[in-house]
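Please find below a short note on the structure, set out as numbered points. Each point may be checked against the sequence and the model as displayed.

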Amino acid sequence: CTILAIESSCDETSAAVISDGKILNNIVATQSVHEKYGGVVPELASRAHQQHLIPVVTEALSSAGRSKKDLNAVAFTRGPGLMGALLVGGSFAKAFAYALNVPLIDVNHMEAHVLAHFIESPSPVFPFLCLTVSGGHTQLVLVKSHLNMEILGETLDDAVGEAFDKIAKILGLPYPGGPQLDRLAEKGDPGAFTFPLSDMKGLAFSFSGIKTAVLYFLKENLRKEPDFIRNHLEDLCASVQHTLIKMLMQKLVKASQELGIREVAIAGGVSANSGLRRALKEAALENNWQVYLPKLEYCTDNAAMVAMAAHYKYLEGRFCALDISPLAKMKIGYHG
Ligand code: ATP
Ligand code: MG
Ligand code: FE
C-alpha cells in the first residue's frame with residue numbers, strides 16, 4: 001500500500017510517501033520567516049504552510065515516482081501543535097482523501113517522533129524507553145508496541161528545546177538557538193560554570209529554573225565584566241548544555257533502572273544535539289544499554305515519521321472520519 005503523509009504542526013511544511021512500510025522520500029520546507037522575530041509567529045506559520053503545502057506534496061509524489069491514483073490513504077498530523085498550522089495540513093489532507101476516495105489517517109505528532117525509529121533498521125525491541133525531547137515537549141515514554149505508548153514522566157513547565165532556545169536567545173544567538181548553542185558548546189568547557197540541577201519527584205522534569213539561573217548569573221557577571229558573554233560564549237554554551245543533558249540523563253537512567261528496560265531511544269528535535277547523542281552512547285556502555293539515535297533528518301519535524309505512524313495504523317485499519325478536528329493539545333494514546 002502507498003500512503004501520502006503531511007506534517008504541518010509547527011514551522012516545517014513536510015510531505016512524505018511510504019510504500020509497503022518503506023519511506024520513499026521526505027520533503028521538508030523550513031519556514032525562514034520567523035527568524036527576524038526570534039520565535040515562531042503562529043499566523044505567519046499558517047500562511048507559510050498555505051504557500052508551501054502544494055509544492056511540497058507535488059514534489060513528494062513526483063520524486064517518489066507516484067501519482068495521485070497510486071495512493072491508498074492520506075495521513076496528516078492531527079496534533080499537538082499550532083491550531084492554525086494544523087488546520088492547513090489537516091484540511092488539505094481531508095480534501096485530498098475525499099477527492100481520491102481513499103481513507104484518511106490521523107497521526108499524533110509525539111507518537112510519530114517515537115516511530116521515527118522504525119524508518120530504518122535496526123529498530124528498538126519492545127518494550128523500550130524513549131526520551132522524546134523537542135520544542136514543545138519533554139517526555140519519558142514506555143513504548144509497548146507501535147501504537148501503544150505510555151508517558152512515564154514529563155516536564156512540569158518548559159520543554160527542554162524551549163530551554164535551549166530561550167537561553168540561546170539570552171546569550172544573543174539567532175533563532176533557532178538550540179542548534180547554534182550546540183555548535184558553540186562543542187568548542188567550550190562544560191565544567192567552566194555550574195548551574196543548579198532541578199530536582200523533581202519521580203520521573204518528572206523541570207526546565208524553567210535553569211533559564212532564570214542563567215539570567216541572574218549573567219546579570220551578576222556582566223556588572224563586573226561588560227563583555228562577559230562575548231568573552232566566555234563557548235564555555236557558557238557548553239556549561240548550559242551540560243546541565244540540561246545531565247537533567248535528562250538522570251531521569252532516563254532512573255526509568256531504566258526502575259523498569260529494568262535496557263532498550264533506550266531518544267527522539268524529537270533535541271535528539272539532534274551532539275552532546276546528548278554522546279551522553280547516550282556513554283550511558284550505553286555504563287549501563288549495558290542498547291541505544292537508538294534517529295538520523296538527523298528524522299529528529300526535527302518531518303513527514304516521514306508521520307508516514308511511518310500512518311503505515312502501522314493502516315495495517316490495523318485505524319482510519320478516521322472526514323469531520324475530525326485538529327487538536328492543539330493531544331496526549332499520546334488519545335483516540336477520541
Ligand atoms: P513538538 O515536537 O514538541 O511539537 P516542535 O515540533 O517545534 O515541538 P521539533 O521540530 O521536534 O519541535 O524540535 C525543535 C526543537 O529542537 C527546537 O527547540 C530546537 O532548538 C531544538 N533543536 C534542534 N536541533 C538541536 C540541537 N542540535 N541541539 C539542541 N536543540 C536542538
Ligand atoms: Mg521547527
Ligand atoms: Fe516536533
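1. Which of the 24 residues around ligand 1 come nearest? In this predicted model, they are Gly135, Gly136, Gly161, Gly178 and Gly269.

2. The shell around ligand 1 is made up of seven nonpolar, 14 polar and three charged residues. Three helices each contribute at least two residues to this shell: H3 (109-115), H4 and H5 (177-185). Two of these helices, H4 and H5, also take part in the helix contacts described next.

3. Two packed helices are described by the angle between their axes and the distance between the axes. Helix H4 (residues 160-170) and helix H6 (residues 208-224) have axes that come within 10 Å and cross at roughly 15°. Because angles under 35 degrees count as roughly parallel, H4 is roughly parallel to H6. Their crossing is right-handed.

4. On the H4 side, the contact with H6 is formed by Ala163, Lys166, Ile167 and Ile170, and on the H6 side by Ile210, Lys211, Val214, Leu215 and Leu218. Seven of these residues are nonpolar and two are charged, with no polar residue.

5. Helix H5 packs against helix H7 (residues 228-259) at an angle of about 110°, the axes being 7 Å apart. Because angles of 65 to 115 degrees count as roughly perpendicular, H5 is roughly perpendicular to H7. The crossing of H5 and H7 is left-handed.

6. In this contact, H5 provides Leu181, Asp182, Leu184 and Ala185, while H7 provides Leu233, Glu234, Cys237, Ala238, Val240 and Gln241. The residues comprise seven nonpolar, one polar and two charged.

Notes
Residues numbered from 1 in each chain as written. Chains lettered and ligands numbered in written order. Predicted model: local features only at pLDDT ≥ 70, side-chain atom pairs only at ≥ 80, totals over all residues. Axes fitted to C-alpha atoms, helices over the stretch in contact; angles between N-to-C directions. Helix = DSSP H or I, 4+ residues; strand = E, 2+ residues; numbered from the N terminus. Parallel < 35°, antiparallel > 145°, perpendicular 65-115°, else oblique. Left-handed = near helix turned anticlockwise from the far one by under 90°. Contact = placed C-beta atoms within 7 Å. Nonpolar A, V, L, I, M, F, W, Y, C, P; charged D, E, K, R; others polar. Near = placed C-beta within 6 Å.
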